[in-house]
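Morning, everyone. I have one chain to go through today, and I will keep to what can be read from the coordinates.

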Amino acid sequence: TYEHIDFRMDHPVLKDKAVRQAIAACVDRQDLIDKLVRDIEPNAAPLGNVMFMPNEAGYEDHYADTGNGHTEAAAKILTDAGYTKGPDGIFAKDGQRVSVRLGHRTIERRAQTARLIQSHCAPAGIEIIGAQDEKFNDVQLKNSDFDIALFAWVGSGIKSGAFGNYASKNAGGSANYNNYSNTQVDELYKEMVLERPATYA
């Protein structure tokens, strides 16, 4: 099981890759673990792969440069993309402030996570607004009614089972809540889920 945040790809602010990169830079995953998980699981560490667990063959850390609490890097990403800080300290471009809601179910630990993420990104000129709701997972999440979603996936040894999480909705993405769409990913998943005869060395 791993917790993560999903960006809604068609959101007016988050459709700009620079904003997504800036948020990914300012969030401090290690701080979240140290303050919220370490007492329960001393060996917990940031997960670097959404398909393979660290103890599985094929695991590679794809996120070593992401989520490390680099507020200065986050601010530079936005500045380089043409954003400027307003009098309130929040970056904006073309009248659009970098202000987004972080939706999650009403669970105290998720609320703590949201507050920590707020504290990580505020110095970078990014406003994160907590938006908790008891029915978030059942209603807002499933209807893509969020800016950023904080929730958890449960991994599986059957990798093709993740097809619904990442495939475009029109290609069968039943749990693609952030409206990600990539035809190449769709085709690769379709190929992966085909049943093939077993081969033996």
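I will start with the chain as a whole, then turn to its disulfide and to one helix.

A word of caution before that: this is a predicted model.

The fold has seven helices and seven strands. Reading from the N terminus, the order is β-α-α-α-β-β-β-β-α-β-α-β-α-α. The radius of gyration is 18 Å, and the globule rule gives 17 Å for 201 residues, so the chain is as compact as a globular protein of that length. Along the principal axes, the C-alpha atoms fill a box of roughly 65 × 40 × 35 Å.

Next, packing and surface. Buried residues make up 38% of the 201 in the chain. If you take the contacts with a separation of 6 or more, 66% of them are between residues 24 or more positions apart. The exposed area of the chain is about 11600 Å², with 51% of that supplied by carbon and sulfur atoms.

On charge, there are 22 positive and 28 negative charges in the chain. The mean position of the positive charges and that of the negative charges lie 3 Å apart.

Now the disulfide. How many does a search of the whole structure find? It finds one. The bond joins Cys26 to Cys121, with an S to S distance of 2.0 Å. This pair links distant parts of the chain: Cys26 belongs to helix α1, residues 17–26, and Cys121 to helix α4, residues 108–121, which puts the two cysteines 95 residues apart. As for its geometry, the link of Cys26 and Cys121 is right-handed, with 80° about the S-S bond.

Are the two cysteines buried or exposed? Cys26 and Cys121 are both buried.

That brings me to α1, the helix that carries Cys26. This helix is mostly covered, with seven of its ten residues buried. Besides Cys26, the buried residues of α1 are Ala18, Val19, Arg20, Ala22, Ile23 and Ala25. Note that Arg20 is on that list.

What covers the buried residues of α1? The cover includes three strands, β1 (2–7), β5 (99–105) and β7 (148–153), along with the helices α3 (71–80) and α4. So α4 comes up twice in connection with α1: it is part of the cover over the buried residues of α1, and it holds Cys121, the disulfide partner of Cys26.

That is what I have on this chain.

Note on methods
Residues are numbered from 1 along each chain as its sequence is written. This is a predicted model: local features need pLDDT of at least 70, side-chain atom pairs count only at pLDDT 80 or more; totals for chains, interfaces and linings use all residues. Side-chain values use heavy atoms; hydrogens and water are left out. Helices (H or I, at least four residues) and strands (E, at least two) are DSSP runs, numbered from the N terminus. The radius of gyration is taken over C-alpha atoms; the globule rule is 2.2 Å times the number of residues to the power 0.38. Buried means under 20% relative accessible area, exposed over 50%, partly exposed in between (1.4 Å probe, protein chains only). Contact means heavy atoms within 4.5 Å. Accessible areas come from the Shrake-Rupley method with a 1.4 Å probe; for residues, only the protein chains shown count as cover. Lys and Arg count as positive and Asp and Glu as negative; His and the chain ends are not counted. The place of a charge is taken as NZ of Lys, CZ of Arg, CG of Asp or CD of Glu. A disulfide is a pair of cysteine sulfur atoms within 2.5 Å.
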